[in-house]
Amino acid sequence: MTSRGRYTVQASQIQGIISHRENPSEPQKSQYLLRWRSEDSIHPPLSWHGLEDLSGVLHLVQQHVAHHKQRLSQSNRALAPLAVGSVLGQKRKLSTSSHDNHGHQLLTPQSERSPNSRGGSEASFTFAQEAVSASEQTVFNANLRRMEGLIIAEPATGPEVPSLDVRKLPTKDMLDAANKVDLRDAELAIQTRYISRLRKLPGPPVTFCNDIDRETPSLSFKFIADYVLQEGVTKHDLIMGCKKCRPNMGANRGCEYTKKCDCLEFAVPDFEKMDDAQRAEYDALQIDGDPSTLHLPKRFPYHSTGSRAHCLVDFYLRERHPIYECNASCLCGPKCKNRNVQHGRKVPLEIFKTRDNRGFGLRCLTDLRRGQFIDIYLGEVITDEAATAREAASGPGKASYLFSLDKFKGDSVDGINDIKDEDCYVVDGQFMGGPSRFMNHCCQPNVQMHTVSYNKYDFFCYDLAFFACEDVPAGKELTFDYMDADDGSKPDDVMDEDGKTKVPCLCGAEMCRGFLWT
Ligand SMILES: C[S@@+](CC[C@H](N)C(=O)[O-])C[C@H]1O[C@@H](n2cnc3c(N)ncnc32)[C@H](O)[C@@H]1O
């Protein structure tokens, strides 16, 4: 890296990017007009910068480019009445149980600027000299210095400095100049940054492919490895493991004696293996409202051997019962076959741009077997109240990334109070999450979302895991049904009466319901 590259603008230093233009001395390279934060709100500094100064605010460059392109396409649409707008889903929480400153801005002709007039270091002198020769445009009223890795801007004022109303920026001339710029260099830098972030993700590769246009998913999105619990959210820390199971118990799969395994205490029994006495015991427990199925035979959730080893068994795929995996407190050992999702993603994924206005999507680069675990859905865990506030703030027309942890809604926590909708936490994958947040909806999906708990006593915080529900060839888009509520509710039950939440579904499936509820 050159010494020049070590100095960058930080997001906290600037109010925003006002406009862009082609670098006057480097054709094909873009430059961006920054409005700096300043105590001088009448004359906040403005200065032009190339991408080499903006690596710390590439996400803001991305936002600026996106807004610019949106504005351009809107004005093009106004000229072409037959053009069709893109369809974005209206935001809706999904069930898993189913500056402007006032005043005048000063312009300093570059030839009149005194780069180190404010005591700048040698670095500032060097930089300002470059800046003077780099541009012939005059919108530049900042004295710049390079200090401690940062570029510092201070207003340049004086009688020789012409003024400009900052409320009227960008000017028409600036907009006209901006419209002529290709922005390919910025889009390439953004994509390169995104790909390098994907390379740092743990597990098999996650790649990125866009052969449709030059868009890259938001750089403001943060990849995380675990839930981020936000205000008002608590996770049960008392994890009880199974104490009667051992690593080697005959079938050598860990907890094969499902009647004994404490982790499977609330797992659904295997009715086919139950004798009359056990069935009577189960019926009595149901009448008492006792959720424990200890002593009763259960179906092991995962195949332990064969070509579908580690895949979710058909019974679970069909019945959608919660999966209870063993945990770190168990005596069954780390190789217990009742541990799968907790070992993380084992398949390579690709985020790609869809061809039909559904934004980005997700595919797996290897064949998937029916029942094979793909990845979990990650995000911020927020309260239902916070989720409602986020929905209201984002407004209609925004993509939805909210999934409610409501699998145990209606169950009793303490024998008296049932879990209500408003008690349930919500996972928001919009700002933070994993690759699976790119999975689109399909009315005939090839993936299902299942609840996976490692702590049978925590009814509020557990994993949402994606499993293939059919064999999926490598490269086929992975989709799940956003309305596949485990509580049996049908699409019509969840529609607003006025149908406002109906958004056209573009899944293209033969049995498409025609709309997407998001
Ligand atoms: C969880 S995100 C999926 C990733 C999203 N495509 C992206 O680019 O970030 C859900 C959003 O994707 C879009 N989407 C997903 N499936 C769709 C479908 N079948 N038809 C139309 N839009 C869809 C909607 O905007 C929806 O709100």
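**How many residues lie between strand 6 and strand 7 in their hairpin?** There are 2 residues between these strands. One residue to look for in the turn is Glu148, which has a positive phi of about 45°. Strand 6 covers residues 142-147 and strand 7 covers residues 150-155. The two strands run antiparallel and are paired over 6 bridges. To follow one of these bridges, start at Arg145 and cross to Ile152 in strand 7. Like the other views here, this one comes from a predicted model.

**Three strands make an open sheet in the order 1-2-3.** The pairing in this sheet is antiparallel. At the edges you will find strand 1 (14-22) and strand 3 (46-50), and each of them pairs on one side only. Neighbouring strands of the sheet are turned by 30° against each other on average, with direction ignored. As a reminder, strands of a sheet pair through backbone hydrogen bonds, either parallel or antiparallel.

**Here we move in on strand 2 and strand 3 of that sheet.** Strand 2 spans residues 30-36 and meets strand 3 in the antiparallel sense, over 5 bridges. A handy landmark is Leu33, whose bridge partner in strand 3 is Trp48.

**Helix 5 takes up residues 276-288.** From the first C-alpha to the last, this helix of 13 residues reaches 18 Å, close to the 18 Å expected at 1.5 Å a residue. Are the residues of helix 5 covered or hardly covered? Helix 5 is hardly covered, with a count of 0 buried residues among its 13. Across the whole protein, by contrast, buried residues make up 38% of the 518 residues. Just after the helix comes Gly289, with a positive phi near 70°.

**The largest nonpolar core holds 68 residues.** The members that touch the most other members are Cys255, Ile374, Val426, Val447, Phe466 and Phe467. Strand 22 (residues 463-468) gives this core its largest share, 5 residues. A second, separate core has 25 residues, among them Ile17, Ala153, Ala156 and Ile190.

**A closer look at Phe467 shows its contacts with residues from other parts of the sequence.** Neighbours within four places in sequence are left aside here. The contacts of Phe467 include Leu312 and Leu317, the run of Gly371, Gln372, Phe373 and Ile374, and also Val447, Gln448 and His450. Two of these partners, Ile374 and Val447, appeared in the previous legend among the core residues that touch the most other members.

Key:
Residues numbered from 1 in each chain as written. Predicted model: local features only at pLDDT ≥ 70, side-chain atom pairs only at ≥ 80, totals over all residues. Pairing = 2+ DSSP bridges. Helix = DSSP H or I, 4+ residues; strand = E, 2+ residues; numbered from the N terminus. Axes fitted to C-alpha atoms, helices over the stretch in contact; angles between N-to-C directions. Buried ≥ 20, exposed ≤ 12 C-beta atoms within 10 Å, placed from the backbone. Expected span 1.5 Å × (residues − 1). Core = buried A, V, L, I, M, F, W, Y, C linked by C-beta atoms within 7 Å. Contact = placed C-beta atoms within 7 Å.
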